[in-house]
Amino acid sequence: MFYFGKINGKNILKSDLIKGAEAFFTSREICICDKNPNLSVASVTELKQNKAQICDYLGIDSENLILPVQTHSANIELASAEKTDYPDTDALILTDKNVGVFLNFADCTPIILYDEKQNIGAVIHAGWRGTAQNIATKTVNKMVEEYGTKPCDISAVIGPAIGFCCYNVGEEVFSQLSKTVKVFSGLSEIRGGNIFVDLKNINKQQLLEVGVKNIDVTTYCTVCNNDLFYSYRNENATTKRHSAVLRLKR
């Protein structure tokens with residue numbers, strides 16, 4: 001079940017499915033990413049202050065909160081204190097207890113995975129392109145093959161993204177997404193001649209089909225709940241992002 005927690009009085013969204021690790025989704029109240037290259041000094045200062053508050057909450061230094069360069073790929077890397085550069089990466093696996101990771105979103109699907117037995121996790125950026133490339137499945141498989149986790153031990157939380165209510169797509173996108181799972185029933189709908197797809201639950205189905213059973217999917221839609229989270233579609237290509245954050249149990 002999802003619920004709101006606080007960092008210095010600012011809302012973060014958490015799920016009680018993940019225990020031990022610090023895993024949450026930021027809200028508009030504590031934004032740490034704005035892709036606008038022409039930010040004012042005041043805006044830059046606010047972003048830095050928000051990041052410092054999150055790092056203090058996680059108990060790490062700001063240089064140990066790792067962010068990759070997201071490109072809507074299906075590329076997955078291991079996050080480490082010894083590495084600072086993660087180009088062309090849309091999922092980070094975390095095994096190092098001394099660092100945290102975060103990825104940024106504004107309609108795309110944020111996914112946090114955590115295996116409490118192994119104390120290993122991952123954060124995944126699954127827009128339609130990443131979803132079409134089965135990035136969630138590939139991340140689970142990499143955790144299994146390289147780090148010894150078992151899918152049945154993984155808890156997955158799927159955070160705020162554009163919902164089934166609002167996500168209309170073209171035939172090409174629909175065709176690509178429909179091929180990513182064995183069971184696509186109920187994950188698309190025709191309304192008024194337009195195709196709508198359920199991106200969050202397509203990712204859930206991908207995880208189910210790879211053996212992940214413990215999955216919590218938030219009902220929050222970034223378009224309908226634009227007062228809480230950022231929406232690229234609804235805000236005229238906003239440069240601001242909310243984030244998915246993970247720090248392992250110490």
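This briefing covers two sheets and the helices that pack on them. The model is predicted. One open sheet has 3 strands, in the order E12-E14-E13. Another open sheet has 6 strands, in the order E6-E7-E10-E9-E11-E15. Strands of a sheet pair through backbone hydrogen bonds, in parallel or antiparallel fashion.

**The 3-strand sheet**

- Pairing in the sheet E12-E14-E13 is antiparallel.
- Strand E12 (168-169) and strand E13 (188-191) are the edge strands; each has a single partner strand, so one side of each lacks a neighbour in the sheet.
- Strand E13 runs antiparallel to strand E14 (residues 194-197), and 4 bridges join the two.
- Ser 188 sits opposite Val 197 of E14.
- Helix H4 (residues 171-178) packs on this sheet and touches E12, E13 and E14.
- The direction of H4 makes about 35° with that of E14.

**The 6-strand sheet**

- Pairing in the sheet E6-E7-E10-E9-E11-E15 is mixed.
- The edges are strand E6 (76-79) and strand E15 (214-217); each has a single partner strand, so one side of each is left without a neighbour in the sheet.
- On average, neighbouring strands of this sheet are turned by 15° against each other, direction ignored.
- Strand E9 (residues 109-115) pairs with strand E11 (residues 154-158) in the antiparallel sense, over 5 bridges.
- Asp 115 has Ile 154 in E11 as its bridge partner.

**The helix on the 6-strand sheet**

- Helix H3 (residues 135-147) lies across E6, strand E7 (91-94), E9, strand E10 (120-126) and E11.
- H3 runs at about 155° to E10.

Note on methods: Residues numbered from 1 in each chain as written. Predicted model: local features only at pLDDT ≥ 70, side-chain atom pairs only at ≥ 80, totals over all residues. Heavy atoms only, no water. Pairing = 2+ DSSP bridges. Contact = heavy atoms within 4.5 Å. Axes fitted to C-alpha atoms, helices over the stretch in contact; angles between N-to-C directions.
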